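The following exercises ask the reader to work from a structure to a reasoned account of its parts. Each task is followed by a solution in steps.

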Amino acid sequence: MLVNASEMLKKAVAGHYAVGQFNINNLEWTKSILLTAEEMKAPVILGVSEGAGKYMTGFTTVAAMVRAMDKSLGITVPVALHLDHGTYDGAKACVAAGFTSIMFDGSHYPIDENVAKTTELVKLAHDSGLSIEAEVGSIGGEEDGVIGAGEVADADECKRIADLGIDFLAAGIGNIHGVYPANWKGLDFDALARIKEKIGDLPLVLHGGTGIPADMIKTAISLGVAKINVNTECQLSFAAATRTYIEAGKDREGKGFDPRKLLAPGAKAIQDTVREKIELFGSANKA
């Protein structure tokens, strides 16, 4: 049974660990993440970007697939199905489609408009039993067409959004989507501490979890980060394993590629990545 993410993140704040959000793009990715979370006895959040939702033929299809897979695999750990970097309309669509959690990314709007739209979506989400994430200070880089300049969030604006009743907050602190450049300055922990002081025990979200050094991850968790998003690292590991399989000439062993065999190395690579992150985030055996 799928759940919203509110309770699992409250427990993460209290227990000083973080829950991993791993984005899904197809059946193989979803299966790999669910099986690894079950193996590690860790709560998990399945993230779906609007682009990935469109690729998988729509949010209703995604929700139906995840619910059926969760049941057929006998998953016992808490699983949330979450819209990642959702638009105003996309958030509404995911509520209707049967997601259990949504993110509204209003960080590119003026703060008053972000507040107004978030206010409406908080009511819609909570009336439907969903958790909701909001964002202040855009996340740097580009992920699935979502581009951010890498702003450091203003602590007072974070409080304005937090006070609307959201369940968790993404606040830019120098993190970016994609691969971090060599000249990256690192996370701004002073900004994170200022934000934490304003919002209290509200769970914080760290986007762009790929490539952040382990010591920074642990410091962020100690300052209230309870959800860490990982997507690029899964993409890279999946692609590398698939490429190795193809370059090894495995297709010559039969009459052509069996898609189940072609995708198996990539699926295993995702499991290895998810397992490593769950250990780093401290969420193993927290279900």
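**Exercise 1. Helix α6**

What span should the 17 residues of α6 have at 1.5 Å a residue, and how far apart are its end C-alpha atoms? Then describe the buried residues of α6 and their surroundings.

Solution. The model is a predicted one.

Step 1. The expected span is 1.5 Å times one less than the number of residues, so the 17 residues of α6 should cover 24 Å. The C-alpha atoms at the two ends of α6 are 24 Å apart, in agreement with that expectation.

Step 2. Buried residues have under 20% relative accessible area. In α6 they are Ile111, Asn114, Val115, Lys117, Thr118, Leu121, Val122 and Ala125.

Step 3. These buried residues of α6 pack against two helices, α5 (88-97) and α7, and against two strands, β4 (101-104) and β5 (131-136).

Step 4. After α6 comes Gly129, with a positive phi near 85°.

**Exercise 2. Salt bridges that involve α6**

Identify the partners of Asp112 and Glu113 in salt bridges, and state where each pair lies in the fold.

Solution.

Step 1. Side chains of opposite charge can pair when their charged atoms come close. A search of the whole structure gives 14 salt bridges.

Step 2. Asp112 pairs with Arg160, at an N to O distance of 3.1 Å. Since Asp112 belongs to α6 (residues 111-127) and Arg160 to α7 (residues 155-162), this pair ties together parts 48 residues apart in sequence.

Step 3. Asp112 is exposed, at 52% relative accessible area, and Arg160 is partly exposed, at 38%.

Step 4. Glu113 pairs with Lys117, with 2.8 Å between the closest N and O atoms. This pair lies inside helix α6: the two residues are four apart, and thus separated by about one helical turn.

Step 5. Glu113 is partly exposed, with 31% relative accessibility, whereas Lys117 is buried, at 18%.

**Exercise 3. A network that includes residues of α11**

Which residues are linked with Asp272 and Arg275 in a network of salt bridges?

Solution.

Step 1. Begin with the pair itself: the closest N and O atoms of Asp272 and Arg275 are 2.9 Å apart, and the two form a salt bridge.

Step 2. Asp272 and Arg275 are three residues apart in helix α11, which places about one helical turn between them.

Step 3. Both fall in the partly exposed class, Asp272 at 33% and Arg275 at 25%.

Step 4. The network also takes in Glu39 and Lys268, which are linked with Asp272 and Arg275 by salt bridges.

Step 5. For a reference point outside this network, take Thr76, in the loop between α4 (59-72) and β3 (79-84). Thr76 is exposed, at 58%, and has Glu38 and Lys41 as contacts beyond its neighbours within four places in sequence. Thr76 and Arg275 are 199 residues apart in sequence, with 17 Å between their C-alpha atoms.

**Exercise 4. The two sides of α9**

Where do the buried residues of α9 fall when seen down its axis, and which exposed residues does the face turned away from them carry?

Solution.

Step 1. In α9 (residues 214-222), the buried residues are Ile217, Ala220 and Ile221.

Step 2. Viewed down the axis of α9, these residues fall within an arc of 100°, so they line one face of the helix.

Step 3. The face turned away from that buried side carries Asp215, Lys218 and Ser222, which are exposed.

Step 4. The packing partners of the buried residues of α9 are α8 (189-199), β9 (204-206), β10 (225-230) and α11 (259-281).

Step 5. Gly224 follows α9 and has a positive phi, near 110°.

**Exercise 5. The largest pocket**

Which helix supplies the largest share of the lining of the largest pocket?

Solution.

Step 1. The largest pocket has a volume of about 160 Å³.

Step 2. Its lining includes Leu27, Glu28, Lys31, Ser32 and Leu35, as well as Pro259, Arg260 and Leu263.

Step 3. At least two lining residues come from each of α2 (27-40) and α11.

Step 4. The largest share is that of α11, which provides six residues.

Methods:
Residues numbered from 1 in each chain as written. Predicted model: local features only at pLDDT ≥ 70, side-chain atom pairs only at ≥ 80, totals over all residues. Heavy atoms only, no water. Buried < 20%, exposed > 50% of the residue type's maximum accessible area, 1.4 Å probe, protein only. Arc of directions from axis to C-beta. Contact = heavy atoms within 4.5 Å. Salt bridge = Lys/Arg side-chain N within 4 Å of Asp/Glu carboxyl O. 1 Å grid on protein atoms, 1.4 Å probe; cavity = no way out; pocket = protein on both sides within 12 Å on 5 of 7 lines; lining within 4 Å. Points joined across faces, edges and corners; volume = space filled by probe spheres on them.
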